[in-house]
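Visitor: I'm new to reading protein structures. Could you pick one part and take me through it slowly?

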Amino acid sequence: MNKLVIIGCDRSAGEALRSLQETGYCLPEGVIYQPLPCGGSLDVLHVLRALESGAERVLVLSCYADACRSFNGNTWAEKRTAAAQALLTEAGLGQERITYRQVSPNMSADLGAWIHTLINLEPVEAQDRA
Amino acid sequence: MNKTVAVLGGSADAGWVVEELLALSYSVAWVGQEDLPDSPRSDGLRAYPRSRVSAVSGCVGSFRLELSAPPERAVIDAAAIIVAMGNQRLPLGADARIPAHPRVLSTQVLAERLSAPRQISGIAPAQRQHILFALDMLELSGKQAVVETLELALRTHDTWHCEVSVLYRELQVDSDLLESLTRTMREQGIVFHRLQDALPVVDDSGVHVKHADGVLDGDLLVIAPVVRPRSDSAELAGLLRIALGADGYFQQLNVRSYRPGLSNRKGIYLAGRCHLDADDAGARADAAQAAANVAILLGQDHLQPETVIAEVGSTKCIRCLTCIRTCPHAAVELAAYGQVTAAKVVELACFGCGACAANCPVRAITMKGIDVPVWLQEAALV
């Protein structure tokens, strides 16, 4: 089962991940990176399908405001992530399964830290029981 | 392939762009609403002075511009377009907040007086007079206006041997020219003060301006010109379907990771002070960058689409026009597929961002050239 699916704009998140990998970093087991051409092409279904396929958590990454090559791709990504979180809340599954972050190509260290944090969190069900 | 480049604008910025393009052996069609500055004579240059673009169609590689150039109309077929309209300077009297008084001058009037010192009438400058130069008095002065005003202040000090002070709000010394200019000015005893948010008070005793450490009294106040985007920028942006920023200047794509001067449409580039605040040296460098952008686009004998592009399934399309509205790159249009009309993505113009695919309410748009894992299939990308 995948612990974490990262869905991100390949121009920012992809660049950050590639520079992280150039330092010798390997994605931990159970972590999958799915590139998008732009945050604007994120669909709510992408996030839901990732969870449906067994992912424990989804991390959506897009560019910072004013840094998107297509002007407002980051805004679309943020809104659709919020819509997916609202659907999860409605279904009683807990919106904390989905995390949204803005990233720039030089934030490889931050990306590594986010991945580390997310895969070491307790499973959402355990949190609910607590 | 047609390798004509249309340069829009009659500013000095456009002149530099034309020079750069001619040096790279491109054919240039130069369109300006005013008389065009002198340019090098070249067989590759067609000039259209006092002409206005009235319609634009086509896409990268095959733009068609219709000009209204009285008494006749002209049509230009161009592979690429460079917008280099420059900005506009407002006359001093355009803002009622600045008191109309003989002690308050524009830089232009002072420059004329400096050139003809014997014709000075009214308040004549003298060695003991104190002349204040104000940058950013009402709104931020453009970089070129700052350079010209500081050079004028130095020239005034050297010519009339009077006391000179400079008032500023945000003076960014970020070029070699400004660095050496401000250093020379300080060495010659010219003092810089930070302006407070207050308008000058002018009376018969002189000019009084509040600054960070008190009030500065002077005999003359010279105000740097205010620069604004040209009033016809919005009209041209609408015709070209390129983005205008909230400040009224043309907006270039992501300034952090991409080449400067790219607009949101392929084949349309921005140059000079219609999209950035620059002095002459900066605008000249930007003109070279714009020409380089064209050379990258037209350097080969054919145009290449992006590896990932969108494609419309014409039988699924319900012609809701959502894709046309949401495409940030104006790459989608309506087209006839036999007897059916549906949206069509212009391949050469598509950046492959996928905004149209994600927004399509009937999922009629797919992305070509992208690998989709099994768990994501049936989603919008498939």
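Guide: Here is a walk around one residue, followed by a look at its wider surroundings.

Keep in mind that this is a predicted model. Let's start at B:Asn264, which sits in the loop of chain B that runs between helix H5 (233–240) and strand S18 (268–270). Is this residue buried or exposed? B:Asn264 counts as buried because its relative accessibility is 4%, and the cut-off for buried is under 20%.

Now check what the side chain of B:Asn264 is doing: it reaches the backbone nitrogen of B:Ala243, at 3.0 Å. B:Ala243 also turns up among the residues that B:Asn264 touches, once you skip those up to four places away in sequence. The rest of that list is B:Arg241, B:Ile242, B:Leu253, B:Pro328, B:His329 and B:Phe351, plus A:Phe71 from the other chain letter.

That last one deserves a stop of its own. A:Phe71 belongs to a loop too, the one between strand S3 (57–62) and helix H3 (73–91) of chain A. Its backbone has a positive phi of about 70°, even though A:Phe71 is not a glycine. You can find another case in chain B: B:Arg319 isn't a glycine either, and its phi is positive at about 55°. Look for B:Arg319 in the loop that links strand S19 (309–312) to helix H7 (322–326) of chain B. With 44% relative accessibility, B:Arg319 counts as partly exposed.

Let's step back to the nonpolar cores. In soluble globular proteins, nonpolar side chains tend to be buried together. The largest nonpolar core here has 57 residues, and the ones touching the most other members are B:Leu21, B:Leu65, B:Ile81 and B:Val83. Helix H6 of chain B (residues 280–298) gives the most to this core, seven residues in total. Zoom in on B:Leu21 and, beyond its neighbours within four places in sequence, you'll find contacts with B:Val5, B:Val7, B:Tyr26, B:Val28, B:Ile82, B:Ala291 and B:Val294. There's also a second, separate core of 25 residues, with B:Leu110, B:Val147, B:Met185 and B:Ala224 among them.

Finally, hunt for the largest pocket, which has a volume of about 650 Å³. Its lining is made of 30 residues, and those nearest the centre are B:Asp247, B:Tyr249, B:His275, B:Leu276 and B:Asp277. Sort the lining by type and you get 13 nonpolar, nine polar and eight charged residues.

Definitions and conventions:
Residues numbered from 1 in each chain as written. Chains lettered and ligands numbered in written order. Predicted model: local features only at pLDDT ≥ 70, side-chain atom pairs only at ≥ 80, totals over all residues. Heavy atoms only, no water. 1 Å grid on protein atoms, 1.4 Å probe; cavity = no way out; pocket = protein on both sides within 12 Å on 5 of 7 lines; lining within 4 Å. Points joined across faces, edges and corners; volume = space filled by probe spheres on them. Nonpolar A, V, L, I, M, F, W, Y, C, P; charged D, E, K, R; others polar. Helix = DSSP H or I, 4+ residues; strand = E, 2+ residues; numbered from the N terminus. Buried < 20%, exposed > 50% of the residue type's maximum accessible area, 1.4 Å probe, protein only. Polar contact = N/O pair within 3.5 Å; in protein donor to acceptor, adjacent residues only side chain to side chain. Contact = heavy atoms within 4.5 Å. Core = buried A, V, L, I, M, F, W, Y, C linked by side-chain atoms within 4.5 Å.
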